[in-house]
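Got the viewer open and the sequence panel handy? Let's walk through this one stop at a time, selecting as we go.

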Amino acid sequence: MTTAYDWTGRIGDVWAEEWRRTDRSFTNLTPHLNAAILAAATPQTRKIIDIGCGAGATSLATAPALPNATVTGIDLSPTLIEIARHRSETQANASFECADITVAAPNHAPTDLYVSRHGVMFFADPIAAFTILAEAAAPDAGLVFSCFAERAVNRWATEIVTATGGDAHSPTSTTPGPFAFADPSHVATILEESGWHAATPQRIAFSYRAGEGTDPVADAVDYFCRIGPAASAIRDAAPGERERHIARLTQVCERYCDGDTVEFPAAAWIWTARKSAN
Ligand SMILES: C[S@@+](CC[C@H](N)C(=O)[O-])C[C@H]1O[C@@H](n2cnc3c(N)ncnc32)[C@H](O)[C@@H]1O
């Protein structure tokens, strides 16, 4: 479970330190999400909110593509917001706010389009959160977000969990976290009950880029020691065990290394929906 407390604290800080490598991990997914966002925008789209914007990648892709709109990225983590602000200094129609989206959304009403790359799976009460978003949305507003599909096909997660002694085959649960929105029927119910209609998932198989450069295996191992489902197991391991975890992780990354990249099979959903008529 990843809580608001985690994002405002240590996990948010690690993501802020690692924003280039987290962005890179989504290299092969991001173009699909950005295309879906542009397809959902209309000539009337003026106010866009990027939910859980992190270091701002989606806001910074959307703002220049839709110059007649303003994009506000909202995130719980002050350190991620600081980076997003720094990256956006020359992008006049992008701004960033450190807040809980469920508190901040009403202040931005009416929003024409909500977007998010993997920022909506952490709500403690998703129906309540999406209801707040719908209530703060303009009539016929759009919603576009990505989230991971089931854990079993996301080999970047299962392989590294297995390598570090965890149970990679525990069933995907709806507990807030990276795989909370893996089940499309669960998400469809949330959206329907919170005031969103025409909810449609598009499944995207992609390669999760964990490492690259002159020593892509070392890069990937270092990345997984910092972030993701094995990082805490490695960090908390007893002396000796830690070295064994890293040795097994290195073998896994070697298997998925091709030339100057380490890429793992992965899959995500890209959801689109529109606000229901009152
Ligand atoms: C997996 S990260 C994705 C970050 C960014 N969208 C990206 O693609 O790099 C999830 C982000 O959602 C943010 N988040 C989670 N719950 C939130 C909430 N209730 N309000 C605002 N941000 C939230 C976290 O702080 C975190 O930065």
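Start by selecting His118. With a relative accessible area of 9%, His118 is buried; the cut-off for that label is under 20%. Keep in mind as you look around that this is a predicted model. His118 sits in the loop that links strand E4 to helix H8 (126-135). Check its backbone too: phi is near 60°, which is a positive value in a residue other than glycine.

**Further along that loop**

Stay in the loop between E4 and H8 and pick Ala124. Is Ala124 buried or exposed? Ala124 counts as exposed because its relative accessibility is 73%, and the line for that is drawn at over 50%. Now add Gly166 to the selection and draw a distance between the two C-alpha atoms. You should get 24 Å, for a pair that is 42 residues apart in sequence.

**Back to the start of E4**

Select residues 111-117 to light up strand E4. Thr111 belongs to this strand, and its relative accessible area is 0%, so it is buried. Show its side chain and look for the backbone oxygen of His108: the side chain of Thr111 reaches that oxygen at 3.5 Å.

Next, click on Pro110, in the loop between helix H7 (101-104) and E4. What is the peptide bond from Ala109 to Pro110 like, cis or trans? It's cis, with omega near 0°.

**Strand E1 and its partners**

Now select residues 47-51, strand E1. This strand is mostly covered, with 4 of its 5 residues buried. Which strands does E1 pair with? One is E4, joined to E1 by 3 bridges, with the two strands running parallel. To see where they meet, show Asp50 in E1 and Val115 in E4, which are bridge partners.

The other is strand E2, so add residues 70-75 to the view. E1 and E2 also pair in the parallel sense, over 5 bridges. For a landmark here, show Ile51, which stands opposite Ile74 in E2.

With both strands on screen, bring in residues 57-65, helix H5. E1, H5 and E2 together make a β-α-β unit, and it is right-handed. To see the handedness for yourself, turn the view until the strands point away from you, then trace the path from E1 over H5 to E2. A clockwise run is what earns the name right-handed.

While you have strands on display, here is a general point about their side chains. In a regular strand they alternate between the two faces of the sheet.

**The ligand**

Time to select the ligand and show what is around it. How many residues surround the ligand? There are 17, and the closest are Gly52, Asp75, Asp100, Ile101 and Arg117. By type, the shell divides into 10 nonpolar, 4 polar and 3 charged residues.

Three contacts are worth drawing as dashed lines:

- Asp100: a polar side-chain atom lies 3.0 Å from a nitrogen atom of the ligand.
- Ile101: a polar backbone atom is 2.9 Å from a nitrogen atom of the ligand.
- Arg117: a polar side-chain atom lies 2.6 Å from an oxygen atom of the ligand.

Switch on a surface at this point and see how much of the ligand you can still make out. On its own the ligand has 600 Å² of accessible area, and the protein covers 96% of that.

**A strand with a positive phi**

Move on to residues 137-148, strand E5, and pick out Asp140. Its phi is near 65°, again a positive value in a residue other than glycine. Asp140 counts as partly exposed because its relative accessible area is 48%.

**Last stops: H11 and H13**

Select residues 216-226 for helix H11. H11 is mostly covered, with 8 of its 11 residues buried. Among the buried ones are Pro216, Asp219, Tyr223 and Phe224. Step just past the helix to Gly228, where phi is positive, at about 100°.

Finish with residues 241-255, helix H13, and find Cys253 inside it. Cys253 has a relative accessible area of 0%, so it is buried. Add Ala210 and draw one more C-alpha distance: the two residues are 43 apart along the chain, and the separation is 8.5 Å.

Definitions and conventions:
Residues numbered from 1 in each chain as written. Predicted model: local features only at pLDDT ≥ 70, side-chain atom pairs only at ≥ 80, totals over all residues. Heavy atoms only, no water. Buried < 20%, exposed > 50% of the residue type's maximum accessible area, 1.4 Å probe, protein only. Pairing = 2+ DSSP bridges. Near = heavy atom within 4 Å. Polar contact = N/O pair within 3.5 Å; in protein donor to acceptor, adjacent residues only side chain to side chain. Areas by Shrake-Rupley, 256 points an atom, 1.4 Å probe, with all protein chains shown as cover. Nonpolar A, V, L, I, M, F, W, Y, C, P; charged D, E, K, R; others polar.
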